[in-house]
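Trainee: I'd like to learn how to read a model like this one, feature by feature. Can we take it from the top?

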Amino acid sequence: MKRRTLALGLLTELAGCSILPERPPLKLYTLLANLNTQDCRAPKRRLSSVRINSPMIASPYDSTRCYVLTKDNRIYNTDINRFSSNPGNLIGDGLREVIQDCGPWNVVLSPNSISTPAYQLTVFVSKFFINAVKKPFAAVVEMEVSVVASVSGKLVFHETYSQTQNTPTDDMPGAVSAFDVCLENIFKTLTNDLNKQATRTVSYTHLRAHETEADL
């Protein structure tokens, strides 16, 4: 009984002093916090809708940790410095904002929408890490984007986009800044590609309509 009392007393004393290691608080960072869509040229909208599903991310990048490729060709993850949410959620929020302001569809739906869209846009992020093999460090982002017609299931668009951007500083704020530039560049190229395809589709439809009228 005396030994138990002594042990409990010792633990109580240790808990109240600084000899026990304390875990530093998490430092949380977000992506695309300063996303600007005011400079894009919004096209003439198609009277149709698209649902942008939550992006999928390849393992191990599907985590709030940031992954870093080092000289020994091993990938390490950050512990204290983390994203405020899974990068897929942050990327999805930014992409929906860009497509809403700059894309070809009149209506952009969120993943949990109960409405049936005309099209569904899916994203698979295959690379999302910091390359620290040599300086300057660089953010590496690669994503595959597909658009499918909901009714027919036909694949109407499919492209892979890759971006690499040097980090301004060799720390987490620098990594976030470089990731943002990569994502913004991909979003810009993607919306341009979607708008061009939509224009070509409309022109082809009009051409076929005129041909039909001529035949009649």
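Mentor: Sure, residue classes come first: Ala, Val, Leu, Ile, Met, Phe, Trp, Tyr, Cys and Pro count as nonpolar, Asp, Glu, Lys and Arg as charged, and the others, Gly among them, as polar. The model is predicted, so local features need pLDDT of at least 70 and side-chain atom pairs pLDDT 80 or more, while totals for chains, interfaces and linings use all residues. Numbering runs from 1 along each chain as its sequence is written, and side-chain values use heavy atoms, without hydrogens or water.

Trainee: What pattern does the protein follow along the sequence?

Mentor: Helices (DSSP H or I, at least four residues) and strands (E, at least two) are numbered from the N terminus. Here there are three helices and nine strands, in the order α-β-β-β-β-β-α-β-β-β-β-α.

Trainee: How do I read the largest pocket?

Mentor: Rolling a probe the size of a water molecule over the atoms shows where empty space is left. A pocket is an open set of points on a 1 Å grid where a 1.4 Å probe fits, with protein on both sides within 12 Å along at least five of seven lines; lining residues have an atom within 4 Å of a point. The largest one holds about 380 Å³, the space filled by probe spheres set on its points. It has 15 lining residues, with D39, C40, C102, K188 and T191 closest to the centre. Helices α2 and α3 each give two or more residues to that lining, and α3 has the largest share, six.

Trainee: How do the lining residues divide by class?

Mentor: Six are nonpolar, five polar and four charged.

Trainee: Is T78 buried or exposed?

Mentor: Buried means under 20% relative accessible area, exposed over 50%, partly exposed in between (1.4 Å probe, protein chains only). T78 comes out at 18%, so this residue is buried. It sits in strand β5, residues 75-83. Counting heavy atoms within 4.5 Å as a contact, and skipping residues up to four places away in sequence, T78 touches R65 and C66. Across the protein, 36% of the 216 residues are buried.

Trainee: Which residues have the most contacts inside the largest nonpolar core?

Mentor: Such a core joins buried Ala, Val, Leu, Ile, Met, Phe, Trp, Tyr and Cys residues through side-chain atoms within 4.5 Å. This one has 49 residues, and F83, L121, F128, M143 and F179 have the most contacts inside it. Helix α3 supplies the largest share, eleven residues. Beyond four places in sequence, the partners of F83 include F128, V176 and F179, along with R65 and C66.
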